[in-house]
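I opened the file today and kept notes as I went. Here is what I looked up, entry by entry.

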Amino acid sequence: MTDNYSWLASASRRRFLQISGSGLAIAAMSLALEPAAEAAGPIKIEMKVVTGKMIGRPGWPQFEPGDFTVPTNSLVEVTVRCYDDGNAQVPGGYNKVSGTVGNTMRLIKGTPKTIAATDGKVVHEIPVKDVAHTFTVNGENFFMNVPMPVSSTVIYQFKAPKPGKYAWQCMAACGTGAGGWAGPMMTDGWMQGFVTVT
Ligand SMILES: [Cu+2]
């Protein structure tokens with residue numbers, strides 16, 4: 001009886017050692033794989049900006065999706081197709097691209113279905129009168145501003161900061177109310193939301 005139990009105990013100890021051994025092997029493997037994963041290219045996110053009319057809610061343009069999650073330190077490439085053809089007023093400076101890789105973005109006229117890596121023009125800013133929306137993060141150690149011209153596609157890359165939940169806001173007065181700052185501008189998942197870094 002005692003012998004049986006001690007055999008069981010040592011067998012389960014052996015299994016535990018085997019399991020933790022393979023766990024270490026997996027951890028070592030994923031460490032080795034990490035540079036290869038980065039060489040495979042950035043994490044890609046696709047967004048669009050639709051007009052209120054397109055979704056049956058006039059006056060309520062919307063970013064879709066309004067939120068996304070990325071791993072810390074990753075290189076992220078976001079493509080935004082802006083179907084909105086109406087411009088909106090932005091405070092000074094928010095027509096400039098900042099906080100992205102090179103403080104630039106690629107700009108393509110219209111919203112083509114397929115986009116080649118060489119398509120578009122690299123720009124640091126767009127004319128104030130062309131701004132329809134912005135994607136602006138104003139967090140601790142993470143500031144980013146991407147202006148979006150009417151009826152166009154923008155592609156930008158950024159390095160994900162340390163883990164956290166970062167609020168973003170459109171800075172173009174595209175909403176309802178006298179100043180254009182009500183409605184979608186004050187509603188999560190419309191003209192504001194969160195970038196979550198894990
Ligand atoms: Cu907006």
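**Entry 1: A pair across two strands**

I began with Arg106, whose bridge partner in β9 is Ile155. This is a predicted model, so I kept that in mind throughout. Next I looked up the strands around that pair. β5 covers residues 105–109 and β9 covers residues 152–159. β5 and β9 run antiparallel and share 4 bridges. β5 also has strand β6 beside it, made of residues 121–123. Those two are antiparallel as well, with 3 bridges. In that pairing I found Leu107 opposite Lys121 of β6.

**Entry 2: The whole chain**

I stepped back to count elements. The chain has 1 helix and 11 strands. Which kind of element comes at the N-terminal end of the order? The helix does, and the strands follow it. I then looked up burial: 27% of the 198 residues are buried. I also checked how far apart in sequence the contacts reach. Among contacts between residues at least 6 apart, 71% join residues at least 24 apart.

**Entry 3: Confidence**

I looked up the pLDDT scores. The chain average is 87, and 80% of the residues score at least 70. Where does pLDDT stay under 50? That happens over residues 11–21. In the model, this stretch has 0 contacts beyond four places in sequence.

**Entry 4: The five-stranded sheet**

I traced an open sheet of 5 strands. Its order is β3-β11-β10-β7-β8, and the pairing is mixed. Why do β3 and β8 each have a side without a neighbour in the sheet? They stand at the edges with a single partner strand each, so one side of each is left free of neighbours. From one strand to the next, the twist averages 20 degrees.

Then I walked across the sheet, starting at β3.

- β3 and β11 run parallel, joined by 3 bridges. Phe68 has Val195 in β11 as its bridge partner.
- β10 and β11 are antiparallel, with 6 bridges. Here Gln169 stands opposite Gln192 of β11.
- β7 and β10 are antiparallel too, over 2 bridges. Thr136 faces Gln169 in β10. Val137 stands opposite Trp168, also in β10.
- β7 and β8 are antiparallel and joined by 8 bridges. Gly139 has Phe142 in β8 as its bridge partner.

I looked at how β7 turns into β8. The two form a hairpin with 2 residues between them. Asn141 sits in the turn and has a positive phi of about 60 degrees.

**Entry 5: Two faces of β11**

I recalled a rule: in a regular strand, side chains alternate between the two faces of the sheet. Which residues of β11 are on its covered face? They are Gly193, Val195 and Val197. The uncovered face holds Gln192, Phe194 and Thr196.

**Entry 6: The nonpolar core**

I looked for the largest nonpolar core and found 35 residues in it. Val146, Val154 and Ala172 have the most contacts inside this core. Several strands each supply at least two of its residues, including β4, β5, β7 and β8. β9 and β11 do so too. In soluble globular proteins, nonpolar side chains tend to be buried together.

I picked Ala172 and listed what it touches, skipping residues up to four places away in sequence. The list has Ala88, Gln89 and Val90. It also has Val131, Ala132, His133 and Thr134.

**Entry 7: Thr153**

My last stop was Thr153, which lies in strand β9. Is Thr153 buried or exposed? Thr153 has 23 C-beta neighbours inside 10 Å, so it counts as buried. The cut-off for buried is 20 or more.

I then listed its contacts, leaving aside neighbours within four places in sequence. Thr153 is in contact with Thr79, Val80 and Arg81. Its other contacts are Ile108, Gly110, Thr111, Pro112 and Ile115. I also checked Thr153 against Cys82, which is 71 residues away along the chain. Their C-alpha atoms are separated by 5.9 Å.

Technical notes
Residues are numbered from 1 along each chain as its sequence is written. Two strands pair if DSSP finds at least two bridges between them. Axes are lines fitted to C-alpha atoms, for helices over the stretch in contact, and angles run from 0 to 180 degrees between N-to-C directions. A nonpolar core is a set of buried Ala, Val, Leu, Ile, Met, Phe, Trp, Tyr and Cys residues joined through C-beta atoms within 7 Å. A residue is buried if 20 or more other C-beta atoms lie within 10 Å of its own, exposed if 12 or fewer, and partly exposed in between; C-beta atoms are placed from the backbone. Two residues are in contact if their C-beta atoms, placed from the backbone, lie within 7 Å. pLDDT is the predictor's confidence in each residue, from 0 to 100.
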